[in-house]
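Trainee: I keep meeting labels in structure notes and want to know what earns each one. Can we go through them term by term?

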Amino acid sequence: MSFAIRGLPIFVVGAMLTLVSQAFGQFESCAKWVPESANLLFMVRAKDVWDSELAKTEGWKKDQIKSFKSGAAFLPATTERLLISSQMDLDSMQPVWKVAVYEKFGPDFSISNISQKTGGNIETLNGLDAVVLPNSTYFIQVDGTTIASMAPASRQATIRWLSSKVSPAITLSSYLNQALGFIDENADVVMALDLEHVLDPAKTAEKLKMSGFTNDNDLKAVADAFSKIKGIMLGITVNDKITGALRMDFDGSTAVLKPYAKDVLLDVLGRRGVMLDDINNWNVSISERSVVLSGPMTEAGFRKVLSLVRQSIQHDVISQSPGDEASQPEMTTATRSKQYFSKLTSIFDELSSIREDRALNTYAEYFERYATEVDGWSILGVDEDLAKFGTFVSDNFRNAAGVLRDAQFSKSNQQAGLNSQRWGSYGTGAYGYGWGGGAGLNYNNQRRAIGTQQNNAGEKEARDIMRNVSTQLAALRRGLTEKYKIDF
């Protein structure tokens, strides 16, 4: 089976990702605001996503809950293009800073309207009107249809950033420049992470061994190959279905990676909390200097991708202009509460299944990420008890994240201790583990036993937390249904 991106067979994607256009086109005006130190770029052709055949068929614009479940609710409805950039701390996978650029169609932005809706004060930064939001983000009106944001909201850093961007020059790294060209030509969503000069061969070899890599004959060569990685790029297209291609680029030959590339990538993504179940079933192809995984993506997977890079403001704040509220249908407390409850149950259902073959950090990251998302939802007009329950849910998501991380930490420590005691005569064992046959087999059995024990402990505690939330959720559903006389 071959999957299509913009009508092209997936085997062409690798060539397309290399031979990208350097005529930046659509995103050139957004990219000029990206600071030079950026190593992550996330871009969405928002209008194309909303106008896609899938969005129309599923009614994403009309049905807020369907829009939420698909992830499209992440995108402000009147936004033409959205670009988010950051400098990621690659150890913690947390941003040092984040810059976002929103370009919209329709009526102009109104900074005063944003100020009224958020309660933020209007300031002047480098000659531009700006609002500082409660979540420590500056929103700056660049022109009538463009708003840029900087977080955290350091006045000094923000003014220096704006001053440095007086010139329209684009100062992206060469790898992020490729991503900029790719989204103009081939994809609706592109995420790119520049990893050039990040990995040390010796430390990479250690991490491979810790993750269970057992072929010692290939260990050094594989570690050397991975240390030459230039970056990772994910491209997603939304037509009548969603398809994706994830590519790793290297400054050297990928030949030695062929037997291992997919497994190692899945392990790394899982440990960083960005694993998507869709990717596990994607096809893999390897060219001279790249590894490409590609295949279909579910709406749940699409939502998870969009959740990886959160924007700084709720979509309704920048989607509407003064006077727009008058044209919106009146929403009762019952209606607002039902929408809030539906979003809450959607996230709960998504996080309720913990698979045994996934690193616990994967789930910990999603619990933490969705806890933050719930905290950011508007509770204006929402039933008071339901709003309090939302806080209860986000607190329990964070508790679940904590127990999963603790279990992963214990697992890693015990396996590290086992690794240091590894014994047996060196050589290629009968079972291919790279050590003496019996010793190698015993080592891997012990390692799996440790992993299973800690996974089970972490999963049990997290599931207990979720069962308690589920019980409370069911009781709240009954109470809300009785109170408002509508099904929740």
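Mentor: Start with accessibility. Buried means under 20% relative accessible area, exposed means over 50%, and partly exposed is in between, with a 1.4 Å probe and protein chains only. The model is predicted: local features need pLDDT of at least 70, side-chain atom pairs count only at pLDDT 80 or more, and totals for chains, interfaces and linings use all residues. Residues are numbered from 1 along each chain as its sequence is written, and side-chain values use heavy atoms, with hydrogens and water left out.

Trainee: Why is Asn126 called partly exposed?

Mentor: Its relative accessible area is 36%. That value falls in between the two cut-offs, so the middle label applies. Asn126 also has a positive phi of about 55°, although it is not a glycine. It sits in the loop between strand 6 (122-125) and strand 7 (128-133). Helices (H or I, at least four residues) and strands (E, at least two) are DSSP runs, numbered from the N terminus.

Trainee: What makes Lys485 exposed?

Mentor: Lys485 has a relative accessible area of 67%. That is over the upper cut-off, so it is exposed. Its phi is positive too, about 60°, and it is not a glycine. Look for Lys485 in the segment after helix 19 (437-484).

Trainee: How do you know that strand 12 and strand 14 are joined?

Mentor: Two strands pair if DSSP finds at least two bridges between them. Strand 12 (residues 242-250) and strand 14 have eight, and run antiparallel. Arg247 stands opposite Val292 in strand 14. Strand 13 (residues 283-287) meets the criterion as well, since five bridges join it to strand 14, again antiparallel. There, Asn283 has Ser294 as its bridge partner. A hairpin through two residues connects strand 13 to strand 14.

Trainee: What makes strand 14 mostly covered?

Mentor: Strand 14 spans residues 290-297, and seven of its eight residues are buried.

Trainee: Why is the pair of Tyr340 and Trp377 called edge-to-face?

Mentor: Rings of Phe, Tyr and Trp (its six-membered ring) pair if their centres lie within 6.5 Å; planes under 30 degrees apart count as stacked, over 60 as edge-to-face and the rest as tilted. Nine aromatic pairs turn up in a search of the whole structure. For Tyr340 and Trp377, the centres are 5.4 Å apart and the planes are at 85°, so both tests are met. The pair links distant parts of the chain, 37 residues apart: Tyr340 is in helix 16 (residues 333-351), and Trp377 is in the loop between helix 17 (360-376) and helix 18 (384-420). Tyr340 is buried at 3% relative accessibility, and Trp377 is buried at 10%.

Trainee: Why is the aromatic pair of Tyr366 and Tyr370 called tilted?

Mentor: The centres are 6.1 Å apart, with 45° between the planes. That angle is neither stacked nor edge-to-face, so tilted is what remains. Tyr366 and Tyr370 are four residues apart in helix 17, about one helical turn. An α-helix has 3.6 residues a turn, so residues three or four places apart point the same way. Both tyrosines are buried.

Trainee: How do you know that Lys343 lies over the face of Trp377?

Mentor: A charge sits over a ring if NZ of Lys or CZ of Arg is within 6 Å of the ring centre and within 35 degrees of the ring normal. Lys343 is at 4.6 Å from the ring centre of Trp377. Lys104 lies over Phe109 in this way too, at 5.1 Å.

Trainee: What makes a set of residues the largest nonpolar core?

Mentor: A nonpolar core is a set of buried Ala, Val, Leu, Ile, Met, Phe, Trp, Tyr and Cys residues joined through side-chain atoms within 4.5 Å. The largest here has 98 residues; among those touching the most other members are Phe42, Leu246 and Phe302. Helix 18 gives the most to this core, with 10 residues. A second, separate core has 31 residues, including Val99 and Leu162.

Trainee: How confident is the predictor over the chain?

Mentor: pLDDT is the predictor's confidence in each residue, from 0 to 100. The chain's mean is 78, and 78% of its residues reach 70 or more. Over residues 320-329 it is below 50; this stretch has 13 contacts (heavy atoms within 4.5 Å) beyond near neighbours in sequence. Residues 420-448 are also below 50, with 50 contacts beyond near neighbours in sequence.
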